[in-house]
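Thanks for coming, everyone. I have one model to walk through today. Please look at the screen.

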Amino acid sequence: MKFEWKGVMPAVTTKFKTDDSLDNQMFKTNIRAQVAAGVEGIVLGGSLGEASTLREEEKAQLIKDTREVVGPDFPIVMTIAEQATREAVRMAEMAEEGGADGLMVLPPMRYKSTDRETLVYLQEIAKATDLQVMIYNNPVDYKIEVTVPMFEELLKLNNVGAVKESTRNIMNIGRLRNAFGNDLNILTGVDPLALESLLLGADGWVAGLVCAFPEETVAIYKLAKAGRVEEAVEIYRWFLPLLELDISPQLVQNIKLAEVATGIGTEPVRPPRLPLVGEERERVLAVIDKGMQNRPKLPKF
């Protein structure tokens with residue numbers, strides 16, 4: 001499938017039961033809510049999806065479950081975040097065989113690779129598949145930046161066409177657009193900078209709090225793209241305290257609590273993660289409760 005890297009693409013959480021098995025039914029419930037709200041793709045197995053704890057067969061099951069909900073023509077993107085190039089290539093092949101349409105590829109995990117090593121790693125994965133590829137650029141969390149010169153090389157490959165821009169440097173959107181025009185689609189990956197990024201020309205939003213609030217997330221995106229900025233800003237200001245829950249080491253626990261509040265998720269996480277307790281749990285619940293109490297009425301768009 002050829003698809004455009006644009007719109008809201010939820011980086012969905014992986015739902016677990018209390019016995020640590022996949023909660024397929026609640027996972028599908030969440031995917032249905034995303035599709036009904038108007039998202040334009042589903043991203044599986046990212047950091048928010050607890051990828052580092054998932055077995056290969058579980059990742060394959062997530063693709064299968066998602067396809068059952070979204071049908072044959074809806075984009076499914078699998079995340080590649082492996083330790084070794086060989087394993088990353090194998091996971092890319094698994095994703096393609098399993099029915100994914102695209103890949104979101106992270107630089108090598110754990111090892112802080114040089115620019116040359118990072119470039120070769122990303123190239124080897126892209127060359128191993130016909131799937132569309134989005135590069136995840138997040139030097140804040142992963143300590144490796146994919147630079148403009150590196151993208152110049154990556155874009156020589158026909159299937160590399162997008163970046164999840166998570167540098168948290170808003171100027172990078174302008175740099176990338178000036179360097180590559182429309183040859184590189186830019187999707188913002190930082191929830192509390194999403195509206196600013198969209199107004200500066202980002203094509204889409206790989207979102208986190210969308211997992212709990214799909215309609216509000218899609219509304220902000222569509223209003224911003226329609227030039228209805230004041231309406232988008234009004235929703236965004238309400239949303240901002242919730243969006244800030246995404247920029248935390250405990251983003252998974254935070255967002256799962258929000259999903260429980262909106263009725264489209266479950267709280268269990270997979271160890272070594274543990275549910276929030278004590279003052280931090282109360283703080284996060286207070287943010288969510290305030291957001292729920294003041295949830296805005298959305299305009300038509």
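The lining of the largest cavity divides into four nonpolar, four polar and two charged residues. Keep in mind that this is a predicted model. Which residues line that cavity? They are Glu 165, Thr 167, Arg 168, Asn 169, Ile 170, Ile 173, Thr 188, Val 190, Leu 193 and Ser 197. The two charged ones are Glu 165 and Arg 168. The nonpolar ones are Ile 170, Ile 173, Val 190 and Leu 193. How much space lies in the largest cavity? About 50 Å³. The structure holds one cavity of 30 Å³ or more.

Now take Ile 173 from that lining. Ile 173 sits in helix H7, residues 171-180, and is buried there. Asn 172, Leu 176, Arg 177 and Phe 180 of H7 are buried too. Why do these five count as one side of H7? They cover an arc of only 135° around the axis, so they lie on the same side of the helix. The general rule helps here: an α-helix has 3.6 residues a turn, so residues three or four places apart point the same way.

Turn H7 around. The face away from the buried side carries Met 171 and Asn 178, both exposed.

What covers the buried residues of H7? The cover includes three strands: E5 (132-137), E6 (160-165) and E7 (185-188). It also includes helices H6 (148-154) and H8 (194-199). After H7 comes Gly 181, with a positive phi near 55°.

Next, the aromatic rings. How many aromatic pairs are there? The count comes to five. One of them is Tyr 136 with Tyr 142, an edge-to-face pair. Their centres are 5.7 Å apart, with 85° between the planes. Tyr 136 is buried, at 7% relative accessibility. Tyr 142 is buried as well, at 18%. The cut-off for buried is under 20%.

Then there is Phe 151 with Phe 180. The ring centres are 6.4 Å apart and the planes stand at 65°, so this pair is edge-to-face. The edge-to-face class needs an angle over 60 degrees. This pair links distant parts of the chain. Phe 151 is in helix H6, Phe 180 is in helix H7, and they are 29 residues apart. Both are buried. That ties back to the cover, since H6 is among the elements over the buried residues of H7.

Last item: Phe 213, Trp 238 and Phe 239 are linked into a cluster by ring pairs.

Note on methods. Residues numbered from 1 in each chain as written. Predicted model: local features only at pLDDT ≥ 70, side-chain atom pairs only at ≥ 80, totals over all residues. Heavy atoms only, no water. Buried < 20%, exposed > 50% of the residue type's maximum accessible area, 1.4 Å probe, protein only. Helix = DSSP H or I, 4+ residues; strand = E, 2+ residues; numbered from the N terminus. Arc of directions from axis to C-beta. Contact = heavy atoms within 4.5 Å. 1 Å grid on protein atoms, 1.4 Å probe; cavity = no way out; pocket = protein on both sides within 12 Å on 5 of 7 lines; lining within 4 Å. Points joined across faces, edges and corners; volume = space filled by probe spheres on them. Phe/Tyr/Trp six-rings, centres within 6.5 Å; stacked < 30°, edge-to-face > 60°.
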